[in-house]
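Q: Please take a close look at a single part of this structure, one helix and what immediately follows it. A connected account that then sets that part within the whole chain would be most useful.

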Amino acid sequence: MEMQIEELVRSAGLPGEVTRILEQNGIRELYPPQRAAIEAGALAGQSLVLAAPTASGKTLVAELACLKAVLGRGGRALYLVPLRALAGEKYDDLAAKYSPLGVKVGISVGDYDRAQGRLAEADILVVTNERADSLLRHQASWLTEGLALVVLDEVHLLTDPYRGPTLEVVVAALRHRRPDVQLLALSATISNAEEIADWLSARAVVSDFRPVPLRTGVYLGGKLLLLQEGERPVPGGLGPVTDLVGEVVGEGGQVLVFVATRRSTQAAARRLGRPVRALLSPQEAAALEKLAQTAERVLEESTPVCRDLAACLVNGVAFHHAGLHPAQRRLVEQAFREGVLKAVCTTTTLAAGVNLPARRVIIRDLRRYYPGLGAGWIPTLEFHQMAGRAGRPGLDPYGEAVVIAKGEAEKEELLTRYLLAPPEKITSQLARSGNLPAYLLGAIVAGYAHSLPQVVEFFSRTLLARQYGLEELRGALGKSLEFLLAEELVRSWQGGLYPTPFGELVAKLYIHPLSGVVLRAGLRQAAGKAPGELALLHLLAHTPDMEGLRLRQAEVEKLTEVAAEEEFLLPVPGPKEPSHREFLEEVKVALALRAWINEASEAELEERFGLGPGDTYRLREEAAWLAYAAERLAGLFQLGVEGLVGLRMRLRYGVRAELLPLVQLTGVGRVRARVLFEAGFKGPEEIARRKPASLARLPSFGPALAKRVWEEARRLARLAGDKP
């Protein structure tokens, strides 16, 4: 039986304006999974696990539940997502739709040691899992006051060793604070929905409905076998990916091509360029020319990656991987959504995250290199995530997910392993992630537990306890507690467990306890000295919170020579020690960061260290936060370390110390700051004393930007007490 949106809104007691908003977005009646969720109590406070394919309407159920929690029950809703990009997308969508109703939508993905601000005023708060964990550690009581609903988006990521444990602990913490809170867990790929529902004290709603039918198939030797339709030839003769892309683009569709590595995405996009360009209309070609020009200017410095991306965009093709700067990724995503781009070659950065469907999804590479293990098959769950991107609701009559086989034996293997197999069970990664000491410290600092029995009781709410039992949980917690006590992050007093000032600061800085221990040791060595930049940067690189850089064999000898000439704050392992290679990887990170803060160009960083703009962005953000943590720890232990103050800002902006007063000006990055400095403008006060025209004549400045910078410089000068 069909249910109209107007009828649902009225029966749920929501304002009639909700009907108009949803109908404006093309929603007039419910899909079967949506009806099933409503009937199961999604709008009546019942916790649910909603497992249904991509584009089957799970998000609408979450939105209606949020509105019911806010407008119907007078409560607040927390919308948890795994990625910053997804948080931004979700916030924009919710705010655009529901702000006219007076619903205040907030977002928080920022610094982990800041818990205040206007977030407490939000009716619906969109946060990443890590940010929610940080807020809870800061005992932000407003977060759970009046909390009626928590949406757990992409809940299948519980099985991800990097993202899953945080979500698991956040769920346990929220249920500890608000045992009666409604949980709404969403996923497109979850085979053990009943088990996850049992863990969450929820009901499972499982559906295989898709508004756009999904066809799955295997390509081999010029023929495409679709399980739902049979086998047919694919015209072209230019190669599997090119032929499969050209067929769909020629019919007016779009294609996503998933490959294993960054280099492969760029190579595949280049190969597709000429064949796809031949299928473009003159109007499309003109729009792509403008898009390519924008891509070259999206960053302050043009890099080889910028130019490569622009060259692909002209042809209606793009690549998408973690080496791209977030601004570049957003540009590609938006152009694809608008239909300007015809094909995107990507790594799994698009498999879980932003909403970017295509008529055909081609999964070229189903094997991946795993460090220390070699090449191996990707998980079946990951295949289903990629396949789920096929089919654009309202645009495509169907979606197709295609894998490519090299022979008959592999064709059978792919059919059995992926196309005909369900995704793996969702299993807890909490004990295997290496982060249990961090979550245990966080639980003690947040006040969830002050004794070993209370610790066990708190963690008994995790999926780990549900799946593996309390004995394994106790063993893992015991080892973690030993470490925290030995390193004086936690103290035991009269049978209770309490954080030391060191432990409390580490937890609230949201760094791994071992990072705190490493920083403490290095800062003590540096106290009263003047350590070099490389020594301080290596200290940051040695922490488990810092991303590593893969070491090429050709770099080993050179890095060994560099290391021999430098002084470090931590013991240096000898060339024959097992940890020596890891040490050299850290030195490579430190050298890259030193080059960055001494204003090496993005192009130079790519050439010397293999860093794309996205890699540089992540490294500098991680290092800047760890430098801030080091500052705070040095203050706690009253350790004066020369060179530490200002390092955080230098890492964030990539400048020498003399440019720090200039990069605080909006629109002035490292390149323009250097231009200003060389022209004699040492800070905002010098700019404020001159006319905007004197700035407009400088390279990379124009009249409009010059005026904005001048006005802001005058404002900052007044705040500093200098009258321009």
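A: Helix α23 is mostly covered, with 14 of its 18 residues buried. The model is a predicted one. The helix comprises residues 580–597, and from its first C-alpha to its last it reaches 26 Å, close to the 26 Å expected at 1.5 Å a residue. Just after α23, glutamate 599 adopts a positive phi of about 70 degrees.

Two further residues with positive phi can be placed beside glutamate 599. Glutamate 488 has a phi near 60 degrees, a positive value in a residue other than glycine. Glutamate 488 sits in the loop between α18 (463–486) and β18 (490–493). Its relative accessible area is 52%, and because the cut-off for exposed is over 50%, glutamate 488 counts as exposed. On the far side of β18, glutamine 494 lies in the loop leading to β19 (496–499). Glutamine 494 is not a glycine either, yet its phi is positive, at about 50 degrees. With a relative accessible area of 69%, glutamine 494 is likewise exposed.

A second helix, α31, can be described in the same terms as α23. Helix α31 spans residues 703–719 and has 17 residues; its end-to-end C-alpha distance is 24 Å, close to the 24 Å expected at 1.5 Å a residue. Its buried residues are Leu705, Ala706, Val709, Trp710, Glu712, Ala713, Leu716 and Ala717. An α-helix has 3.6 residues a turn, so residues three or four places apart point the same way. The buried residues of α31 pack against three other helices, namely α28 (670–678), α29 (684–688) and α30 (692–696). Lysine 707 also belongs to α31, but this residue is partly exposed, with a relative accessible area of 47%. The C-alpha of lysine 707 lies 8.1 Å from that of leucine 695, a residue 12 positions away along the chain.

Leucine 695 appears again in the surroundings of leucine 676, which is located in helix α28. Leucine 676 has 0% relative accessibility and therefore counts as buried. Apart from its neighbours within four places in sequence, leucine 676 contacts Leu662, Val668, Phe681, Ile687, Leu695, Leu698 and Phe701. By contrast, leucine 676 and arginine 368 are 47 Å apart, C-alpha to C-alpha, with their positions 308 residues apart in sequence.

These parts belong to a protein chain with 31 helices and 19 strands. Of its 724 residues, 56% count as buried. The radius of gyration of the chain is 27 Å, which agrees with the value near 27 Å that a compact globule of 724 residues would have. Along the principal axes, the C-alpha atoms fill a box of roughly 75 × 70 × 60 Å. Among contacts with a separation of 6 or more, 70% involve residues 24 or more positions apart.

The surface and the charges complete the description. The chain exposes about 30300 Å², of which carbon and sulfur atoms supply 51%. There are 88 positive and 86 negative side chains, and the centres of these two sets lie 4 Å apart.

Key:
Residues numbered from 1 in each chain as written. Predicted model: local features only at pLDDT ≥ 70, side-chain atom pairs only at ≥ 80, totals over all residues. Heavy atoms only, no water. Helix = DSSP H or I, 4+ residues; strand = E, 2+ residues; numbered from the N terminus. Expected span 1.5 Å × (residues − 1). Buried < 20%, exposed > 50% of the residue type's maximum accessible area, 1.4 Å probe, protein only. Rg over C-alpha atoms; globule rule 2.2 N^0.38 Å. Contact = heavy atoms within 4.5 Å. Areas by Shrake-Rupley, 256 points an atom, 1.4 Å probe, with all protein chains shown as cover. Lys, Arg positive; Asp, Glu negative; His and termini not counted. Charge placed at Lys NZ, Arg CZ, Asp CG, Glu CD.
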